Structures are given as structure tokens and as C-alpha cells.
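Student: I have a structure in front of me and would like to learn how its labels are earned. Could we go through some of them together?

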Amino acid sequence: MIKNIVVFFLFTVALVGAQVPRVVLPPPGPSRYYIHVVNGLSKLGLLVHCQSKDDDLGYHRLLNHGDDYQWNFKVNFWGTTLYWCKLETPHAYVSFESFWPETQHLWLRDRCKHGTVGTCIWTAKDDGIYLRNFLANVDELIHKWIYKR
């Protein structure tokens with residue numbers, strides 16, 4: 001009788017254990033990220049304002065083609081670090097998140113991984129804002145300009 005109960009118990013434990021879903025975590029991301037905003041416009045200067053909930057990075061004028069504003073940071077303990085930017089020309093603007101936490105999807109991390117370093121390069125071009133995809137070795141159009149009236 002006890003032998004039957006033990007066998008039944010072991011069978012139940014094995015059955016339940018086989019049905020527990022396995023959680024697959026993404027590989028760890030870089031410990032430090034470097035964010036660049038580059039003026040790739042053919043003629044106009046660019047006004048850049050980036051910030052997080054806790055850190056306003058101020059306004060920066062990128063007057064010439066190729067000018068680069070950059071900052072770096074470590075993702076906070078909770079993995080909730082978020083930065084956003086507003087880029088503006090005399091005729092157009094766009095606001096967007098320039099860094100956000102990723103737990104399940106690795107879209108941003110895949111594009112910003114440059115070796116073992118996290119480097120996101122956002123470039124303002126005449127038709128919109130591009131993000132450098134290091135894996136594919138291309139700039140991808142992510143945001144279109146919103147034109148002022």
C-alpha cells in the first residue's frame with residue numbers, strides 16, 4: 001500500500017514538474033550605454049533636448065553636419081532606465097524615446113550592441129531620425145519629422 005502511494009506521489013511530482021513552463025531570460029545587456037545624437041542634416045542646425053525622469057541633460061545646438069551630442073549611463077538596479085529626446089529644426093520637430101528598458105523583446109539592444117558595449121546612434125537626416133543598426137551595418141529610418149505650420 002505504501003509502495004503504491006510513493007509511486008503515485010513520484011508520478012504526480014514528475015507530471016507536474018514536466019508541465020511547469022520554463023522562463024527563458026534574455027542574455028544580459030551591456031552594463032553601460034552610450035547614446036549619440038548626430039546632426040546629419042544637409043543644411044540646417046539642430047536643437048537637441050534629452051532627459052530622463054531624474055536627469056534633464058539640457059539643450060544642445062548641433063550647428064554643423066556631423067556634430068554629435070552624447071552621454072552615457074548605467075541602467076538602474078530595477079532595469080527601468082528611460083531617456084527621451086526632442087529634436088528640432090526651424091521647420092520641423094520630433095520627440096521619441098532614445099533608450100528604454102527591454103525585458104522580453106530585444107529590438108533596441110540588438111541595434112545598439114557594438115561588440116560588448118551598448119552604443120545607440122540616433123542621426124537626424126533630412127527625411128527623419130535614423131537609428132544605427134550595428135548588426136546589419138545600416139541606418140534605419142525610425143521616426144519621420146513633424147512639420148511646423
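Tutor: Gladly! Let's begin with one cut-off: a residue is called buried when its relative accessible area is under 20%, exposed when that area is over 50%, and partly exposed in between. Keep in mind that this is a predicted model.

Student: Why is C120 called buried?

Tutor: The relative accessible area of C120 is 0%. The limit for buried is under 20%, so C120 counts as buried.

Student: What makes D68 partly exposed?

Tutor: D68 has a relative accessibility of 35%. Partly exposed covers the range between the 20% and 50% limits, so D68 belongs there.

Student: How much of the chain counts as buried?

Tutor: Of its 149 residues, 34% do. The accessible surface of the chain comes to about 10100 Å², with 60% of that belonging to carbon and sulfur atoms.

Student: Why are C112 and C120 called a disulfide?

Tutor: Their sulfur atoms are 2.1 Å apart, and the cut-off for a disulfide is within 2.5 Å. The pair C112 and C120 therefore meets the definition. A disulfide is a covalent bond between the sulfur atoms of two cysteines. C112 is buried as well, at 0% relative accessibility.

Student: What makes that disulfide of C112 and C120 right-handed?

Tutor: The torsion about its S-S bond is about 120 degrees, so the disulfide of C112 and C120 is right-handed.

Student: How many disulfides does the structure hold?

Tutor: Two. C50 and C85 also form one, with their sulfur atoms 2.0 Å apart, which again falls within 2.5 Å. Here the torsion about the S-S bond is about 110 degrees, so this disulfide is right-handed.

Student: Which parts of the chain does the pair C50 and C85 tie together?

Tutor: C50 sits in strand β2 (residues 46-52) and C85 in strand β5 (residues 83-88), so the pair links parts that are 35 residues apart in sequence. C50 is buried, with a relative accessible area of 0%, and C85 counts as buried at 0% too. If you number the bonded cysteines in sequence order, the pairing reads 1-2, 3-4.

Student: How do you know that β2 and β5 are paired strands?

Tutor: Pairing calls for at least two bridges, and six bridges join β2 to β5, which run antiparallel. For example, H49 stands opposite K86 in β5.

Student: What does β5 do on its way to β6?

Tutor: β5 and β6 form a hairpin, with three residues between them. The two strands pair in the antiparallel sense over six bridges, and the bridge partner of L87 in β6 is V94.

Student: Which side chains of β5 are buried?

Tutor: Y83, C85 and L87 point to one face and are buried, whereas W84, K86 and E88 point to the other face and are not.

Student: How do you know that β6 and β11 count as paired?

Tutor: Two bridges join β6 (residues 92-99) to β11, and the strands run antiparallel. At least two bridges are needed, so these strands meet the cut-off. In β11, Y147 is the bridge partner of A92.

Student: What is the order of the strands in this open sheet?

Tutor: The five strands come in the order β3-β2-β5-β6-β11, with antiparallel pairing.

Student: What makes β3 and β11 the edge strands?

Tutor: Each of them, β3 (56-62) and β11 (146-147), pairs on one side only. In the chain as a whole there are two helices and 11 strands.

Student: Back to D68: why is its link to H36 called a polar contact?

Tutor: The side chains of D68 and H36 make this contact at 2.9 Å, and the distance limit for the N or O atoms is within 3.5 Å. D68 lies in strand β4 (residues 68-74). Leaving out residues up to four places away in sequence, D68 touches H36, V37, V38 and L62.

Student: And which residue makes a polar contact with the side chain of E140?

Tutor: That is N133, whose side chain is joined to that of E140 by a polar contact of 2.9 Å, again within 3.5 Å. E140 belongs to strand β10 (residues 138-144). Beyond residues up to four places away in sequence, E140 touches several residues, including W107, R111 and I129.

Notes: Residues numbered from 1 in each chain as written. Predicted model: local features only at pLDDT ≥ 70, side-chain atom pairs only at ≥ 80, totals over all residues. Heavy atoms only, no water. Helix = DSSP H or I, 4+ residues; strand = E, 2+ residues; numbered from the N terminus. Polar contact = N/O pair within 3.5 Å; in protein donor to acceptor, adjacent residues only side chain to side chain. Contact = heavy atoms within 4.5 Å. Buried < 20%, exposed > 50% of the residue type's maximum accessible area, 1.4 Å probe, protein only. Areas by Shrake-Rupley, 256 points an atom, 1.4 Å probe, with all protein chains shown as cover.
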